[in-house]
Amino acid sequence: MVDATLVEQAPNLDAGHYPGDLGTMEMNLNALEHIALACEEQGVYTGQPRLMRDIAAQAIADGHGGSNYLAVFEVFRKAAAR
């Protein structure tokens, strides 16, 4: 079973629509920066948190700062088109 909000997002993915009414990429980037810093301070592996932070930052740079986290899909779509 999948949460209904995830199922409802599927048409939005196809349309490139990522409403940020429940959280934005900017909010997520802030959280990911804190997670990466906490990992670094605690001496644990930082590669994955930094990668996630960098992908979120790219999505924001591409104009998706007010969109929800699913906008990272556009970063992957753009990379695949190269």
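This is a short walk through the helix packing and the salt bridges in the structure shown above. Keep in mind that we're looking at a predicted model.

Okay, let's start with helices 2 and 3. Helix 2 covers residues 25–42, and helix 3 covers residues 47–64. Two packed helices get described by the angle between their axes and the distance between those axes. Here the axes come within 9 Å and cross at roughly 155 degrees. That makes helix 2 roughly antiparallel to helix 3, since anything over 145 degrees counts that way. And if you care about handedness, the crossing is left-handed.

So who's touching whom? On the helix 2 side, the residues in the contact include Leu29, Leu32, Ile35, Ala36 and Cys39, along with Glu26, Glu33 and Glu40. From helix 3 you get, among others, Pro49, Met52, Ala56, Ala59, Ile60 and His64, and also Arg50 and Arg53.

Now stay on helix 3 for a second. Which of its residues are buried? Those are Pro49, Ile55, Ala56, Ala59 and His64. They cover an arc of only 125 degrees around the axis, so they sit on the same side of helix 3. As for what covers them, that includes helix 2 and also helix 4, residues 72–81.

Which brings me to helix 4. The buried residues there are Val72, Glu74 and Val75. Their arc is only 150 degrees, which again puts them on the same side of the helix. They pack against helix 2 and helix 3. Flip to the other side of helix 4 and you find Ala80 and Ala81 exposed.

Right, charges. Side chains of opposite charge can pair when their charged atoms come close. How many salt bridges does the structure hold? Four, and I'll go through some of them.

Let me take Lys78 and Asp62 to begin with. Their closest N and O atoms are 3.1 Å apart. This pair links distant parts of the chain, with Lys78 in helix 4 and Asp62 in helix 3, 16 residues apart. Both ends are partly exposed: Lys78 has a relative accessible area of 41%, and Asp62 comes in at 29%.

Next, Glu74 with Arg77, also a salt bridge, at 3.1 Å from N to O. These two are three residues apart in helix 4, so about one helical turn separates them. We already met Glu74 on the buried side of helix 4. Its relative accessibility is 17%, so it counts as buried, because the cut-off for that is under 20%. Its partner Arg77 is partly exposed at 39%.

Then there's Arg53 with Asp54, where the N to O distance is 3.3 Å. Arg53 is partly exposed, with a relative accessible area of 25%, and Asp54 is partly exposed too, at 42%. Arg53 is also one of the helix 3 residues in the contact with helix 2.

Last thing, a loop residue. Where does Thr24 sit? It's in the loop between helix 1, residues 4–15, and helix 2. Buried or exposed? Thr24 is buried, with a relative accessible area of 16%. If you leave aside neighbours within four places in sequence, Thr24 is in contact with Gly65, Gly66, Ser67 and Asn68.

That's what I had, so have a look around the model yourselves.

Technical notes
Residues numbered from 1 in each chain as written. Predicted model: local features only at pLDDT ≥ 70, side-chain atom pairs only at ≥ 80, totals over all residues. Heavy atoms only, no water. Buried < 20%, exposed > 50% of the residue type's maximum accessible area, 1.4 Å probe, protein only. Helix = DSSP H or I, 4+ residues; strand = E, 2+ residues; numbered from the N terminus. Arc of directions from axis to C-beta. Contact = heavy atoms within 4.5 Å. Salt bridge = Lys/Arg side-chain N within 4 Å of Asp/Glu carboxyl O. Axes fitted to C-alpha atoms, helices over the stretch in contact; angles between N-to-C directions. Parallel < 35°, antiparallel > 145°, perpendicular 65-115°, else oblique. Left-handed = near helix turned anticlockwise from the far one by under 90°.
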